[in-house]
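Visitor: Could you take me closely through one part of this model, the paired strands, and explain the terms as you go?

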Amino acid sequence: RFLGKIILSETAFEPYAYVFDDSRAALADATVTLTAEGETTPAATGTSDSIGYISFGKAAWSGTYTLEASKTGYATVSVDVEIVKTARFLGKIILSERLTIIGKVIDAKTDRDTDDDGTNDVDYTPIDGVTLTLIDADGTQVGDPVVSATDGTFSFNDVDSGTYTITAAKTDCAFIDETVEVLDEDLDMGV
């Protein structure tokens with residue numbers, strides 16, 4: 001015979017989040033993971049739907065987790081979240097689009113006005129085989145170096161917005177480092 005009370009409470013619930021791009025449009029097909037503090041294997045992994053929604057299934061969630069979202073062409077975002085039963089909404093995740101820097105290595109000596117009429121008489125001569133390195137504002141190399149093509153062109157892909165220095169190196173050539181600022185769209189350095 002039992003004379004006490006049995007109190008039932010819901011211990012399992014479903015935490016969720018939304019994923020958006022820089023313009024605050026829903027971002028579908030982003031991979032989102034939820035990893036418990038101190039763990040390396042995610043407790044849950046999923047993909048955002050057409051309205052950017054992602055839920056992590058009903059479980060007895062509790063504690064600090066790292067919420068990470070990634071998608072090709074976007075910078076990965078990781079945030080620490082505290083999951084408690086009364087707060088199931090983990091937040092909005094904003095992914096910034098990755099950008100591209102495009103440029104061309106040329107021989108500056110070929111850009112000159114030979115007849116003093118105010119226009120360049122000699123076209124830019126491209127330099128191929130130049131190794132270019134992208135350095136961020138902290139002095140850290142970003143990604144792998146690239147090599148200019150036969151027409152002198154090069155590109156750095158999947159770059160975050162920020163200020164960078166491009167260094168160039170090739171035997172028997174002297175180069176001037178170029179500082180560029182990448183804002184919210186691809187940067188074409190032109191020539």
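**Strand E5 and its partners**

Guide: Thr 64 stands opposite Glu 82 in E6, in a model that is predicted, so that local features need pLDDT of at least 70 and side-chain atom pairs count only at pLDDT 80 or more, while totals for chains, interfaces and linings use all residues. Residues are numbered from 1 along each chain as its sequence is written, and side-chain values use heavy atoms, with hydrogens and water left out.

The names E2, E3, E5 and E6 refer to strands, which are DSSP runs of E with at least two residues, numbered from the N terminus. Strand E5, residues 63-70, runs antiparallel to strand E6, residues 77-83, and 7 bridges join them; two strands are said to pair if DSSP finds at least two bridges between them. The hairpin formed by E5 and E6 has 6 residues between the strands, and among its residues Gly 73 takes a positive phi near 90°.

E5 also has strand E2, residues 31-36, as an antiparallel partner, with 6 bridges joining the two, and in this pairing Val 32 stands opposite Ala 69 of E5.

Following the chain onward from E2, one finds Glu 39 in the loop between E2 and strand E3, residues 44-47. Glu 39 counts as exposed because its relative accessibility is 52%, where exposed means over 50% of relative accessible area, buried under 20% and partly exposed in between, using a 1.4 Å probe and protein chains only. Although Glu 39 and Tyr 65 are 26 residues apart in sequence, their C-alpha atoms lie 9.1 Å apart in space.

Technical notes
Helices (H or I, at least four residues) and strands (E, at least two) are DSSP runs, numbered from the N terminus.
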